Amino acid sequence: MSAVASGRERAASQPPDGAGDTESSDARGPLGARFAGRGRRAGLVAAGAAVAVTLALPPMLTASQLSVYILLALSAMVTVGLSLLMGYAGQVSIGQASFYAIGAYAAGLLSVHGTPPLLALAAAPLIAALFAAAIGGPLLRLRGHHLAFATIALQLILISLLGEADWAGGSVGLQGIPRLSAGGTEFGEDIHYAYLAWAAVAVTVLVARNVVTSRAGRGLRALATSETAASASGVPVARYKLAVFTLAAAFAGLAGGIYAFFIGYINPGSFPVLLSIQFLVMAVVGGLGTIWGALLGATAITLIVQFLNDLGSRPGMPASAPSILNYAVYAALLVLVVLFLPRGIVPALREAWQRRVAGRASS
């Protein structure tokens, strides 16, 4: 955990996704402003290309590929929140799937008991956020590996309680979750959920972007660098940490709500600890404290996991092969990233781009 935390601290010392370029361009002079302008233009071009590809892909995918595409979007939502939580508030969570599960069960239970599906989906992030706000006060008093272990314990307790709760379907799970519908239109095809999931990703990215570029975002960057210095500068450390913790839970709850309607059936086994570890690896590999890093990390890890699952399920492979391969790859990726890309892929790519632009300008 200390290696991950140190990587987070290094990442936090830089403004995420170019958030600080506007403020600091004057101090860097005309050359620095030109670099910042080129970086922003490149970012806009990349964002436009990503949106175009995202919208164009669903009709071209097979049924199985479309399912992976939807799960990728749901993972991206959770990872954006976790990247903010670890990259800014400095809180290491290995139990983020808890809020994913709370959102799924909230949406599923409400819809099964007669609540309109769209309203049930809207309630999912709110219920997850309320739960996070209720437990966040005492939980966030812990630090480092103590907090990490507490978040794992939280998930294990939640899974155990859901497995024993008859009102939640117990170990059998919650069945009969209806398809999502809005205004008399039912989301009956997977492609509908693909566009819904990626629209939700756009919302989470927009919210996260607005947060990190706001005045509160500057306080969060100070908090990530040093809690003591931030507190001495007047940043309400405890309140900001709880706010980011709650926001990350809301993102996960929204993803869980969409997951419940997409699958139509959930049980405690749908939210293992391995899923939380997967979200953690996505955030670290992509780059903590960066929105693009969360999206890139979610994409890379989802595709790798899908490949490993296909490999582990081939004839002649033991039943435990997919899990073993996943844990091994997660461990290897964390080691490699911490050793060679301690700030993650996106910050490393950004630095390489800045060096390239600087080299061209000086030649």
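Which helix does Ala238 lie in? Select Ala238 and find out: the residue lies in helix H10.

**Before you start**

This is a predicted model, where local features need pLDDT of at least 70, side-chain atom pairs count only at pLDDT 80 or more, and totals for chains, interfaces and linings use all residues. Residues are numbered from 1 along each chain as its sequence is written, and side-chain values use heavy atoms, with hydrogens and water left out.

**The whole chain**

Show the protein chain. It has 14 helices and two strands. Both are DSSP runs numbered from the N terminus: helices are H or I with at least four residues, strands are E with at least two. Of the 363 residues, 48% count as buried. Buried means under 20% relative accessible area, exposed over 50%, and partly exposed in between (1.4 Å probe, protein chains only). Now look at contacts, meaning heavy atoms within 4.5 Å. Among those with a separation of 6 or more, 79% come from residues 24 or more positions apart.

**Stop 1: H8 and H10**

Go back to Ala238. The residue is exposed, because its relative accessible area is 62%. Add Leu223: the two are 15 residues apart in sequence and 10.0 Å apart in space, C-alpha to C-alpha.

Now select helix H8 (residues 215-225) and helix H10 (residues 237-263). Two packed helices are described by the angle between their axes and the distance between the axes. Here the axes come within 11 Å and cross at roughly 105 degrees. That makes H8 roughly perpendicular to H10. Axes are lines fitted to C-alpha atoms, for helices over the stretch in contact, and angles run from 0 to 180 degrees between N-to-C directions. Angles under 35 degrees count as roughly parallel, over 145 as roughly antiparallel, 65 to 115 as roughly perpendicular and the rest as oblique.

Show the side chains at the contact:
- From H8: Ala216, Gly219, Leu220 and Leu223.
- From H10: Val237, Tyr240, Lys241 and Val244.

These residues divide into six nonpolar, one polar and one charged. Ala, Val, Leu, Ile, Met, Phe, Trp, Tyr, Cys and Pro count as nonpolar, Asp, Glu, Lys and Arg as charged, and the others, Gly among them, as polar.

**Stop 2: H4 and H6**

Select helix H4 (residues 97-112) and helix H6 (residues 144-164). They pack at an angle of about 30 degrees, with axes 9 Å apart. That makes H4 roughly parallel to H6. Ala97, Ser98, Phe99, Ala101, Ile102 and Tyr105 in H4 meet Thr151, Leu154, Gln155, Leu158 and Leu162 in H6. The contact holds eight nonpolar, three polar and no charged residues.

Is Ala97 buried or exposed? Ala97 is buried, with a relative accessible area of 0%. Beyond four places in sequence, Ala97 touches Gln155, Phe271, Pro272, Leu275, Ser276 and Phe279.

**Stop 3: H11 and H12**

Leu275, Ser276 and Phe279 are among the buried residues of H11. Twelve of the 14 residues of H11 are buried. Just after H11 comes Gly287, whose phi is positive, near 130 degrees.

Add helix H12 (residues 291-312) to helix H11 (residues 273-286). Their axes are 7 Å apart, and the packing angle is about 125 degrees. That makes H11 oblique to H12. Zoom in on the contact:
- From H11: Gln278, Val281, Met282, Val285 and Gly286.
- From H12: Gly293, Gly297, Ala298, Ile301, Thr302 and Val305.

The split is six nonpolar, five polar and no charged.
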